[in-house]
Amino acid sequence: MILYVLRRLLAAIPTLLAVLTLVFVIVRIVPGDPAIAILGDRATPDAVAALRAKLGLDQPLWAQYASFLGHSLSGDFGRSMVTGRPILSDVGAVLPHTIDLTLASLVVGCVIGVPVGIWAALHRNRAIDYAARLLSLIGLSFPVFVSGIFVLLVFALHWRLFPVIGNAKLDDPLDRLDKLVLPASTLGLVMAAYITRVTRSAMLAVLGEDYIRTARAKGVPWRRVVWRHGLRNAAMPVVTVVGLYIGILIGNSVLTEIVFNRPGLGKIIVGALNQRDYTMLQGLMVIYCFLIVVVNLVTDLTYGLIDPRVKQ
Amino acid sequence: MTRAPTGAAATQLGAARLAAEAGAPAVSPRPPAAPLRKFGGSVWRFVTRHPATAAGLLLCALVVAAALFAPWLAPFDPNDQNIVDRLSPPGGDYLLGTDSYGRDVLSRILYGARISLLVAVTSIAAAIAVGGTIGMVSAYVGGRFDLFVMQCMDVLLSFPSLILGLIVVALLGPELVNLVFAIALTAVAPFARIARAPVLTLKERAFIEAGRALGFSHLRILFVHVLPNILSEVLVMGSLWMATAVRTEASLSFIGLGVKPPTATWGGMMREGFENILDAPWLSVWPGLAILVLVLGLNMVGDGLRDATDPRMRGES
């Protein structure tokens, strides 16, 4: 297992370098001078030159690239152009909120999606199956900000069951949970829709296998066949989708944080966009990519835990 | 020489001959069904066999009709401001109410369909053209080139698509062209992967080898002989990705990175509605439902097309 983990870690390094290169390219392909974009058209040439020097834009491209790579890999993402604070400290202050939201949505998605997917597969082409398929299709057709606003209108404004503002105190677990219910349900239900579809498909494929028929012929109880032999083999595509969906979840958290007025990476990114804080945007892109690479790594490691053949 | 009757005609003639031989009066041939009734029958058969796809087509047709006939259907100009009637609730002169500038919500929803469809169609067409070509060429050339190109595509895939779109539009500026470019960029890598997979097996087939032996250029082989064989698969995925494009466009507009106001966009309307959520909740509800109708319709059609082209997927999703 240790060798497998080391191999996956080594394989993540080129991806990380390539992603960092892409971030560097994206920020550089912007037409016009970033210094003028930040300072405005009326800035004096001296001010523009000073800012270019401060941002390192007066250096050759390869030197900028080397400096960017070196700083990013050492965890130094620079300082915000607007607040002057280190980007990492700004991000560190709100990251627990985003992680709370992502993990809670993941739990909601799995707790609903996996059993419903199995249930639908076991009752194929019956009313419950059609209902699960229709609801999952509706669930994944909802843009998350639309479902968020609908949920907010019904549960926070009409029935007043939950708070409208989602800025929780990090040291108060109950407050954190209270303000997490609506946003996590909104994101989690979309995820549940994806997981339901994949679990159903994977279970249908597995339940048609010879070894399932053999297990039944041997007299293994149906419940045991489903949970022990069926679900374990159907878990691989489900884990793949969950891993892939965490990337989408992190993206969608931007919209959820706006709708529920929660602090988090999403609110920082929108603030940076509005204030044209280019260094913050570049830093955030790198942090998002780090998160995605880590998620992919964890997904790969989970494969190894579920299926011993993967470790070979 | 006369051709032997075939199909239904042959069956009908056979039945008449059998009846005559049995001494029974011949069954007079039925008059040919009217084309309209025939068409109606086909439609009904399609609806009963594929209810979800038919419902999806209906939803999409409604939105396309709204976009095409907006100037005739809309009761008001979408940008006409009537401050006296601002934030009017649904009913009366304004069927779906008015926004904070006194603009008719129904008219703006009808015109907003144009932007959603335009962005979805153009961005996915661009993604299919670019991503499909990359995937096809990569698989056709093969070897290290294929490995390198696919690793580049994997890097592009490792960005959360909404974040990538958001940053590209923010850096380039919130214009329609940039919006299309950003959404297309997020979809290039998936289409490269979709196009690549079938080409890997197609390029080993005899007809491609025959093309090479006849001295056809690689371009001719790729675009005349390979492309038609993968087009249906790519187009089916295109219909599913159009739903994603509509969602992304609406999300970017909601964040404030869509087409500039006062042009009506569904995401932009949701944003304006969200700012007035306490005074006028309907402002968020109607455009939200419009987005849901289009995305749901596209997903249903996409699922139906995928099932039709891949029998293994029938009833699997």
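**Exercise 1. Find which residues of H5(B) meet which residues of H11(B), and sort the contact by class.**

Solution.
- Take contact as heavy atoms within 4.5 Å. Helices here are DSSP runs (H or I, at least four residues), numbered from the N terminus.
- On the H5(B) side stand Val105(B), Arg108(B), Ile109(B), Gly112(B), Ala113(B) and Ser116(B). Trp266(B), Met269(B) and Glu272(B) meet them from H11(B).
- The residues of this contact divide into five nonpolar, two polar and two charged. Ala, Val, Leu, Ile, Met, Phe, Trp, Tyr, Cys and Pro count as nonpolar; Asp, Glu, Lys and Arg as charged; the others, Gly among them, as polar.

The model is predicted: local features need pLDDT of at least 70, side-chain atom pairs count only at pLDDT 80 or more, and totals for chains, interfaces and linings use all residues. Residues are numbered from 1 along each chain as its sequence is written, chains are lettered from A and ligands numbered from 1 in the order in which they are written, and side-chain values use heavy atoms, with hydrogens and water left out.

**Exercise 2. What is the packing geometry of H5(B) and H11(B)?**

Solution.
- Fit axes to C-alpha atoms, for helices over the stretch in contact; angles run from 0 to 180 degrees between N-to-C directions.
- The angle is about 140°, and the axes are 8 Å apart.
- H5(B) and H11(B) are therefore oblique to each other. The cut-offs: under 35 degrees is roughly parallel, over 145 roughly antiparallel, 65 to 115 roughly perpendicular, and the rest oblique.

**Exercise 3. Locate Asn261(A) and Leu87(B), and state the phi and burial of each.**

Solution.
- Most residues other than glycine have a negative phi.
- Phi of Asn261(A) is near 50°, a positive value. Asn261(A) lies in the loop between helix H11 (222–259) and helix H12 (265–274) of chain A.
- Asn261(A) is partly exposed, at 32% relative accessible area. Buried means under 20%, exposed over 50%, partly exposed in between (1.4 Å probe, protein chains only).
- Phi of Leu87(B) is near 55°, also positive. Leu87(B) sits in the loop between helix H4 (70–73) and helix H5 (105–141) of chain B.
- Leu87(B) is buried, at 18%.

**Exercise 4. Which two residues does the cis peptide bond join, and what is omega?**

Solution.
- Most peptide bonds are trans.
- The cis bond joins Pro261(B) and Pro262(B), with omega about 10°.
- Pro262(B) is in the loop between helix H10 (218–255) and helix H11 (266–275) of chain B.

Note on methods. Helices (H or I, at least four residues) and strands (E, at least two) are DSSP runs, numbered from the N terminus.
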